[in-house]
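Let's take a look at how some strands and helices fit together here. Have the structure open as you read.

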Amino acid sequence: MKVSRLIGLAIAVMMLLSLGLAPTLAQDCDGEVIELEFMNWWGAAREALMDTLIGHFEAENPCIRVINQVQPWDNRAELLATAAASSNPPGIIMSTRPETYQFAISGLIIPIDSFVEAHGTDLSVFYDGEIGLQYWNGELYGLPMPTAGGLTSLYIYNKDMLRDAGFDPEAPPKTWQELEEMSAAITVADPMGVDVMGTQVIGITGGDASFVSWLYTNNGRYSSDDGRTLLFNSPEGIETLEWMVNFTNNINGGVENVTDFFQDTAFAQGDHPWYDNQLAFLRINTSFYGHYNVNDPEGYANTSHWGTMLRPYNGDNPDATHAGTTGYNYSGAWAYTIPAVHPPEKQEAAFKFAEFIGVHPLGGCAFLFAQSRPSPVRECNENPAYYEVNPTWSVVLEGLATDVAVSITPVQGQLAEILANAIEEALFAVKSPADALNDAHAEMQALLDEFWAEFDAENM
């Protein structure tokens, strides 16, 4: 049955479950029940949604009982690494792309190609850029959910603030230059800090990810397709970092002003400059719409107040255009991976659950729709009800279409730390943008070459 035919059923079932009227979708299990511990980070309001998803799965798979092990975000990487390497790991674990690669190389998880073939799982339902991020060394290790796309390509903007500054509220900035002009007109700052901000172009944490995102809007690239050669210190890369430094200093008054402006704020908790009309342009991921609707339903419902736009590009570069990045560093590309130590029947149960999360309409499709977030499954996003929940949905789909997959390796965490330090050196004028990127490139390429040399030697 097509996804679009089941979307209405998914929503109806979720409504029934909220009333405690869950339908029976399968007979009771007569055999031994397999307990499947699910280590994940779908906490807060999403825990109830995941419990609903699990209820659907168990109804269709009565011989499998899923134990929802929601984890804290503090020390997330350490918790996951310890669990994955233990003698008794969870039955299925939620890992980022670099972690998936590292676990695969270490033999801690198994590829799922044989399960995909045995179950006839149709991988073509995913966006190419989504399923493509789940392969390592030619083997598939997970199915995507949520989308890795839509994490860097989208901004929401305050139409009232544009109107008050003399700009057309229906014409948000398309280029770097327009973003500069509008931000300069909107920002209210003095030596004591920023009271009202147009936007920031640096990351509050992990400045390397912001740099890479802007790099692609200047027709630059982080690495070669095979992940063996780093390319970020190109002329486009140097120009990008120079622009970021100048914007931060000339418009926002420096790094400290930006850091202080966002200190102790959280969009998901409703404590953020956006809600107080103090920020005109906010880079978002697709989960922000759900948070916005929960924290400020009146503001969210008023589309004369806000809109969605694509990340601006360098208008002075004729080859540049809107772009987002997928799979870089920790942002996105989550997978549901299966530990190698478990017996075949538990691994089979884990794949069934991963497949349900990935492609079933009552799984990830309904789970993400309930959060106003897009699915990595194309057809799920064609649901007209998305436009009722998010009137800017067409721009979200444009953003997904502009996303570019970034090639990385299991040493990405180490590379990202070096690049983040280089970005900081440029922002604090310790080094020029060119020197910062070139020095980082030399150190990072040496580390990358060492990784590939060891990998190739072990896999000859």
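## The sheet

In this predicted model, four strands form an open sheet with mixed pairing, in the order β2-β1-β3-β12. At the edges sit β2 (64-70) and β12 (335-337), each with pairing on one side only. Ignoring direction, neighbouring strands are turned by 25 degrees against each other on average.

Zooming in on one pair, β1 (residues 34-40) runs parallel to β2, and the two are joined over seven bridges. If you want a spot to click on, try Glu 37, which stands opposite Ile 67 in β2.

## Helices on the sheet

Helix α3 (residues 76-85) packs on this sheet, where it touches β1 and β3 (92-95). The direction of α3 makes about 145 degrees with that of β3.

Then there's α14 (residues 344-359), a helix lying across β1, β2, β3 and β12. Relative to β1, α14 runs at about 50 degrees.

## A helix pair

Further along the chain, α18 (residues 412-427) packs with α19 (residues 433-458), their axes 9 Å apart and at an angle of about 170 degrees. Angles over 145 degrees count as roughly antiparallel, so that's what α18 is to α19. The two helices have a right-handed crossing.

What makes the contact between α18 and α19? On the α18 side, the residues include Leu 415, Ile 418, Leu 419, Ala 422 and Ile 423. From α19 come, among others, Ala 436, Leu 437, Ala 440, Glu 443, Met 444 and Leu 447. By type, the contact residues split into 13 nonpolar, one polar and one charged.

Terms used
Residues are numbered from 1 along each chain as its sequence is written. This is a predicted model: local features need pLDDT of at least 70, side-chain atom pairs count only at pLDDT 80 or more; totals for chains, interfaces and linings use all residues. Side-chain values use heavy atoms; hydrogens and water are left out. Axes are lines fitted to C-alpha atoms, for helices over the stretch in contact, and angles run from 0 to 180 degrees between N-to-C directions. Angles under 35 degrees count as roughly parallel, over 145 as roughly antiparallel, 65 to 115 as roughly perpendicular and the rest as oblique. A crossing is left-handed if the near helix is turned anticlockwise from the far one by less than a right angle, and right-handed if clockwise. Contact means heavy atoms within 4.5 Å. Ala, Val, Leu, Ile, Met, Phe, Trp, Tyr, Cys and Pro count as nonpolar, Asp, Glu, Lys and Arg as charged, and the others, Gly among them, as polar. Two strands pair if DSSP finds at least two bridges between them.
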